[in-house]
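Here are some exercises to work through with the model open in your viewer. Try each task before you read its solution.

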4 protein chains.
Amino acid sequence: MCFLCFVVNFLKMKTKKVAIIGASGYSGEELVRLLLQHPHAELTAVTSRQYAGQTLARIFPRFASHPKSKALQFTEPKAGLLARQADVVFLALPHGVAAEYAVPLLEAGCAVIDLSADFRLRSAEIYKDFYAHDHPAPDLLKKAVYGLPEIYRDQIKKAKLIASPGCYPTSILLPTIPLLKAGLVKAGGIIADSLSGVSGAGRKAEVDYLFCECNESVRPYGVPKHRHLSEIEEQLSLAAGSKVILQFTPHLIPVNRGILTTLYLAPSGKSVAEEQIAACYRKAYGTEPFVRLLDGKNLPDTKNVVGTNVIEIAWRLDPRTGRLIVMSAEDNLVKGAGGQAVQSLNLLSGWPETAGLI
Amino acid sequence: MCFLCFVVNFLKMKTKKVAIIGASGYSGEELVRLLLQHPHAELTAVTSRQYAGQTLARIFPRFASHPKSKALQFTEPKAGLLARQADVVFLALPHGVAAEYAVPLLEAGCAVIDLSADFRLRSAEIYKDFYAHDHPAPDLLKKAVYGLPEIYRDQIKKAKLIASPGCYPTSILLPTIPLLKAGLVKAGGIIADSLSGVSGAGRKAEVDYLFCECNESVRPYGVPKHRHLSEIEEQLSLAAGSKVILQFTPHLIPVNRGILTTLYLAPSGKSVAEEQIAACYRKAYGTEPFVRLLDGKNLPDTKNVVGTNVIEIAWRLDPRTGRLIVMSAEDNLVKGAGGQAVQSLNLLSGWPETAGLI
Amino acid sequence: MCFLCFVVNFLKMKTKKVAIIGASGYSGEELVRLLLQHPHAELTAVTSRQYAGQTLARIFPRFASHPKSKALQFTEPKAGLLARQADVVFLALPHGVAAEYAVPLLEAGCAVIDLSADFRLRSAEIYKDFYAHDHPAPDLLKKAVYGLPEIYRDQIKKAKLIASPGCYPTSILLPTIPLLKAGLVKAGGIIADSLSGVSGAGRKAEVDYLFCECNESVRPYGVPKHRHLSEIEEQLSLAAGSKVILQFTPHLIPVNRGILTTLYLAPSGKSVAEEQIAACYRKAYGTEPFVRLLDGKNLPDTKNVVGTNVIEIAWRLDPRTGRLIVMSAEDNLVKGAGGQAVQSLNLLSGWPETAGLI
Amino acid sequence: MCFLCFVVNFLKMKTKKVAIIGASGYSGEELVRLLLQHPHAELTAVTSRQYAGQTLARIFPRFASHPKSKALQFTEPKAGLLARQADVVFLALPHGVAAEYAVPLLEAGCAVIDLSADFRLRSAEIYKDFYAHDHPAPDLLKKAVYGLPEIYRDQIKKAKLIASPGCYPTSILLPTIPLLKAGLVKAGGIIADSLSGVSGAGRKAEVDYLFCECNESVRPYGVPKHRHLSEIEEQLSLAAGSKVILQFTPHLIPVNRGILTTLYLAPSGKSVAEEQIAACYRKAYGTEPFVRLLDGKNLPDTKNVVGTNVIEIAWRLDPRTGRLIVMSAEDNLVKGAGGQAVQSLNLLSGWPETAGLI
């Protein structure tokens with residue numbers, strides 16, 4: 001694109017006002033970072049019960065050099081007020097709280113991008129099974145679009161309510177869905193072994209996540225039935241065309257950011273060749289700006305994706321066991337949370353999908 | 001010593017029963033570790049409001065292989081009961097709480113080794129100046145012995161109440177006191193720049209000490225008037241024979257354990273030579289089991305002392321500035337807390353000073 | 001045992017002289033630490049080409065407080081000399097080099113405990129397949145005992161050449177062998193997903209293991225055919241009574257020490273109950289001093305085993321997938337290297353198996 | 001500035017071609033990152049003896065999503081060729097090597113921005129004193145401009161050879177120079193105690209910088225005469241108008257990036273008030289885009305500047321000692337290396353000083 005075309009396009013793009021409810025957690029803070037540097041979005045409100053009345057610059061000194069950081073104050077989260085301040089509202093809230101904001105904001109005409117798990121499932125029954133309480137707004141489940149742009153790009157463009165996927169689901173779904181859709185691997189017996197940085201636990205003042213409890217420590221947790229299984233299995237089942245039951249083991253490792261997932265898959269036929277896998281991934285992601293297919297001897301490494309919206313994927317067919325090993329790496333706070341949400345914002349706003357993300 | 005003499009001596013040593021009040025913090029846990037492996041002390045009680053009724057093995061799996069860990073249960077801290085269970089009681093409590101246990105325990109005839117700051121000062125006025133409230137038991141201040149064995153060995157042997165020094169004070173006092181006593185450095189203008197691992201902040205569920213807030217972070221804090229200044233200055237003044245005002249800057253760094261202190265001192269005369277410093281330290285510490293004087297090109301490194309009761313000390317005379325730079329490294333939970341307290345236990349019990357510490 | 005019996009037993013125990021060839025790597029250094037504090041072993045020689053002529057205190061300041069550290073100098077590794085200095089010689093050498101020392105030392109009458117992979121396989125063919133060169137001393141393969149005390153205790157007691165297992169194999173074999181022997185899990189389809197601290201790579205000056213390349217990084221490596229597979233599969237096959245092919249994925253994570261392994265196993269029958277697994281493990285390891293079977297909600301955490309010779313094991317039957325998930329944690333340099341080697345030393349010397357290890 | 005003015009200005013800006021000699025170290029890699037995202041600079045060549053012939057995408061997977069990363073290959077460093085490929089050449093080379101490239105590049109008409117210490121001193125004698133060999137191109141020393149934009153902005157705009165300051169010097173000079181120029185602090189007796197992340201040591205395959213040697217370790221080094229002292233003292237002396245001798249103690253701490261410096265200064269008169277210091281800093285840096293003056297209770301924290309070109313500065317007057325404590329935090333690879341070099345590139349190119357840096 002010539003520079004002049006770029007300028008003309010740029011001028012035609014309508015700026016949108018955006019707000020973040022729950023901007024004091026790690027995902028919320030990452031959204032702040034991305035939206036402050038976004039060329040078309042204007043951050044007009046950030047809420048935090050804890051920090052209401054204080055400026056962004058005071059609470060997050062890292063943003064203090066941004067011109068807006070001294071003008072922007074945290075406010076109490078009030079849906080009515082936010083609906084007047086913003087066209088699109090991000091919800092970076094604990095699971096179970098998002099629905100009470102989503103309903104009035106949608107009614108007031110805002111688009112809502114929810115980073116919690118509240119709208120990620122289509123089935124209210126499965127929600128209850130995994131979250132142990134009734135869904136607070138079951139009607140909205142059907143209206144919500146699962147915000148994985150590489151899979152649901154067209155639906156996201158037209159959505160009013162986006163359920164942005166979690167960090168573990170993204171790291172598992174993007175490598176697995178194309179293989180299931182192409183019938184290259186069996187839907188049964190899939191294993192996902194995931195390693196997550198500590199920011200995945202949120203900015204919670206709990207002893208388990210103190211520096212001295214995490215540093216020089218590696219540990220599995222939530223074995224064998226982690227809550228995120230529900231959304232992962234629902235999406236895998238849609239891709240496979242049959243019910244998928246997943247074995248999923250999350251581990252906590254001492255890094256701030258990053259998820260590394262190792263997947264164990266069974267090729268569906270005896271004749272699956274390395275080249276078929278490669279072709280399947282090239283077809284699915286060859287032109288995707290945020291999926292990096294590794295070739296040669298390279299294997300994923302979280303340090304190559306931290307701070308970016310990229311997911312790295314590599315695979316190996318093991319001739320000794322017959323299995324297909326697929327490995328992915330992403331930044332849990334970017335492609336696994338805030339970055340992916342901004343990718344959806346770009347799509348539903350008609351902006352370039354990579355705006356503010358590269 | 002021949003092996004037979006060793007056995008005879010060993011048999012003559014009277015075992016003592018010891019208890020820990022506040023055994024769930026980092027210092028308390030380190031005391032548990034040291035006392036479980038101690039050849040002469042028998043750990044008979046550990047208290048924790050939070051964990052009362054649960055076994056040591058359950059709360060601290062790292063001790064679960066020790067035969068006592070399943071029998072020993074955390075109890076509520078009750079001075080009367082503990083006085084019947086133990087000859088010596090360690091207090092690993094927050095500052096300001098220790099006094100309420102020390103008084104009844106001493107009255108009941110127990111020896112008390114307090115790891116808090118409550119009895120480290122001789123002056124109730126200075127206590128009030130730094131801790132902003134009246135001292136709860138000012139009479140005990142004069143009876144307490146400052147538990148720095150390399151300086152107060154003889155007093156500790158006869159003490160009933162020992163105020164075990166904090167981690168920062170130990171890292172500053174041991175390198176500085178011999179120089180002040182020998183008159184080799186000036187009492188004025190001393191600067192101590194200290195770097196501490198995160199366990200120094202205790203096992204407190206606060207956002208500031210979460211993994212993601214400490215990892216990849218380095219920061220000063222408590223500038224310029226840190227509470228520990230009071231006990232450091234009192235001890236330095238005693239050594240110098242005149243009032244010492246210290247410049248002290250603590251920093252938090254992302255390691256679990258370890259304190260590295262760099263001291264900036266002014267030689268008192270023009271003629272101070274490297275050899276005078278070396279001789280002063282050799283005289284003070286040449287036979288000390290827990291002070292390692294580094295020679296040659298070696299400089300202190302916390303990784304060489306972590307897990308041990310050793311403090312490393314090195315020094316350099318800078319011909320360009322005329323200053324004496326002294327550096328020390330210690331484990332803040334061992335020589336800076338639990339290990340030093342056990343060293344005092346050994347002294348007041350008539351056991352070898354290194355028992356259970358090497 | 002009464003104290004007098006202890007003393008009598010202690011006096012009857014014959015001290016042995018031990019030496020370490022290759023004492024400057026991480027495993028060698030850990031052996032030095034363990035042997036310096038061992039009640040019955042006397043460390044008489046440490047070799048290192050790089051540090052020959054320098055004292056232990058100079059090269060490893062952390063040992064400088066030990067009385068022997070200034071007397072003990074690193075020497076050039078010469079088998080003839082070492083055979084006169086020691087009854088038992090540890091080889092902490094790179095793979096492929098150990099054989100040239102083992103042969104003359106054994107001929108000279110020494111016992112040899114080899115920490116490399118050189119004698120861990122029974123088959124010279126499999127060795128060649130995985131290590132890409134002929135085995136230098138194939139006759140010794142049959143004489144060597146695989147030094148996993150919980151499995152080969154009786155053989156180790158009588159052995160002259162012990163092939164001490166690697167860190168990954170230990171973390172996989174101990175949790176899996178009892179289940180295979182009892183026929184509770186299928187021999188086919190086993191997956192081991194392992195996370196290792198960086199010391200597992202050795203003290204090698206390579207860019208890949210620099211602090212900045214490992215910190216804030218998580219990455220798989222050696223996928224899918226890691227060298228250690230050969231010894232793991234041979235041992236698993238012996239336990240199963242049939243050929244086992246293992247899926248093994250090692251990952252590098254930013255901790256100094258520790259291996260966490262997650263195993264995915266298929267129960268062999270439909271009726272396998274939690275209690276059968278528990279009973280199997282209790283029978284195998286209920287009285288083992290260095291195997292800690294976790295119950296209740298506890299899961300393994302490397303921070304609970306680092307610095308000890310303990311391996312933690314926990315398991316979960318997943319009713320949703322039908323799989324058995326087994327997780328283990330160990331210190332790769334202790335139970336995965338030096339500690340396990342000392343455990344073998346204790347066995348072949350007739351000392352208590354836990355001597356110097358608790 | 002209105003958007004249209006922005007576009008017009010943008011179009012008027014002439015793009016420049018830039019090259020990096022030595023792009024495989026940490027500073028070089030950071031320059032690659034900054035220049036790939038720069039709006040006006042076009043990266044046309046990167047050199048590396050080690051990686052010649054390989055693409056940027058292969059060696060640094062983190063850049064693989066950038067469109068240029070597959071086209072741009074590392075080449076052998078040849079000054080003649082580079083002079084034809086670039087208008088401005090960055091030298092990210094070890095000290096002592098830069099001069100041999102600077103001379104031919106300058107003769108060929110390129111501007112040179114050198115990140116080594118080779119041209120930072122004005123005096124060839126001081127160079128020899130600290131670097132122990134004659135300066136290879138003493139004539140250039142007088143032509144070089146010290147690339148600290150906040151101090152030498154006007155000279156940088158017209159310079160052909162820029163000696164970009166090191167990370168320690170930047171962290172010390174920016175907080176100190178305004179105070180010295182204003183006569184608020186004494187030129188004598190200044191102490192700088194600095195803590196640096198490990199990337200400051202470069203991507204060198206040395207045992208000292210292995211993960212396991214740095215993690216859980218804190219240590220001083222280079223005490224008392226570090227090489228960087230020469231450039232710091234020269235610049236401080238210029239600011240003070242008299243010879244300054246600095247006490248400087250660097251420490252290595254386990255973070256990838258970041259320098260935290262604590263400065264101990266003596267106010268020059270009895271009457272120096274907090275407000276005078278504040279006014280001095282406001283005057284010097286109040287409108288500087290990359291200097292963040294902290295107010296209120298905030299103290300510098302490296303995590304707030306990592307990844308940015310910002311230096312944070314805070315200060316405290318200590319009424320007990322009479323000293324002024326000044327603390328600064330910066331990213332050693334950005335404001336301390338690559339970012340500052342790009343800031344100079346912007347200045348000498350007539351671009352906005354913040355281009356590509358915010």
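**Exercise 1.** In this predicted model, find the bridge partner of Arg219(A) in E10(A), then work outwards to the sheet.

*Solution.*
- Step 1: Look across from Arg219(A) into E10(A), and you land on Leu252(A), its bridge partner.
- Step 2: Now take the strands themselves. E9(A) and strand E10 of chain A, residues 247–252, run antiparallel and are joined by two bridges.
- Step 3: Zoom out. The sheet is open, has seven strands with mixed pairing, and reads E9-E10-E8-E11-E14-E13-E12 in chain A.
- Step 4: Check the ends of that order. Strand E9 (219–220) and strand E12 (291–293) of chain A each have a single partner strand, so each has one side with no neighbour in the sheet.

**Exercise 2.** Do the same for the sheet in chain C that has the order E3-E2-E1-E4-E5-E7-E6: what is its pairing, and which strands stand at its edges?

*Solution.*
- Step 1: This open sheet of seven strands in chain C has parallel pairing.
- Step 2: At its edges stand strand E3 (74–75) and strand E6 (145–146) of chain C; each has a single partner strand, so one side of each lacks a neighbour in the sheet.
- Step 3: Follow E3(C) to its partner. Strand E2 of chain C, residues 41–47, pairs with E3(C) in the parallel sense over two bridges.
- Step 4: For a residue-level check, pick Thr47(C): the bridge partner in E3(C) is Thr75(C).

**Exercise 3.** Describe the interface of chain A and chain D: how many residues does each chain give, and how many salt bridges are there?

*Solution.*
- Step 1: Count residues. Chain A gives 20 to the contact and chain D gives 20.
- Step 2: Get the area. About 1,800 Å² is buried between chain A and chain D, with 50% of it on carbon and sulfur atoms.
- Step 3: Look for charge pairs. The count is two salt bridges between chain A and chain D. Asp295(A) and Arg58(D) meet in a salt bridge through their side chains, at 3.5 Å from N to O.
- Step 4: Add the polar contacts: seven residue pairs turn up across the interface of chain A and chain D.
- Step 5: Ask who supplies the surface. Helix H1 of chain A, residues 3–12, has the largest share of the side that touches chain D, with four residues. By class, that side of chain A has eight nonpolar, five polar and seven charged residues.
- Step 6: Bring in the symmetry. Chain A superposes on chain D by a rotation of 180 degrees with 0.0 Å of shift along the axis, at an RMSD of 0.0 Å. The copies meet through the same surface, because 100% of the interface residues of chain A are also interface residues in chain D.

**Exercise 4.** Now take chain D and chain B: how much area do they bury between them, and what rotation superposes chain D on chain B?

*Solution.*
- Step 1: Start with size. Chain D and chain B bury about 3,800 Å² between them, 57% of it on carbon and sulfur atoms. Glu216(D), Val218(D) and Arg320(D) supply 18% of the area that chain D buries here, more than any other three residues.
- Step 2: Count the contact residues: 45 from chain D and 46 from chain B.
- Step 3: Go through the polar side. There are six salt bridges between chain D and chain B. One salt bridge links Lys303(D) to Glu213(B), with the closest N and O atoms 3.9 Å apart, inside the 4 Å cut-off. Polar contacts come to 26 residue pairs across this interface.
- Step 4: Map the surface to elements. Several give two or more residues to the side of chain D that touches chain B, including helix H11 (229–240) and strand E14 (324–330) of chain D. E8(D) gives the most, with four residues. Sorted by class, that side has 23 nonpolar, nine polar and 13 charged residues.
- Step 5: Superpose. A rotation of 180 degrees with 0.0 Å of shift along its axis puts chain D on chain B, at an RMSD of 0.0 Å. That is the relation of a two-fold axis.
- Step 6: Locate the axis. Pro254(D) comes closest to it among the residues of chain D, with its C-alpha at 3.4 Å.

Technical notes
Residues numbered from 1 in each chain as written. Chains lettered and ligands numbered in written order. Predicted model: local features only at pLDDT ≥ 70, side-chain atom pairs only at ≥ 80, totals over all residues. Heavy atoms only, no water. Pairing = 2+ DSSP bridges. Contact = heavy atoms within 4.5 Å. Buried area = accessible area lost by both parts, 1.4 Å probe. Polar contact = N/O pair within 3.5 Å; in protein donor to acceptor, adjacent residues only side chain to side chain. Nonpolar A, V, L, I, M, F, W, Y, C, P; charged D, E, K, R; others polar. Least-squares fit on C-alpha atoms with pLDDT ≥ 70 in both.
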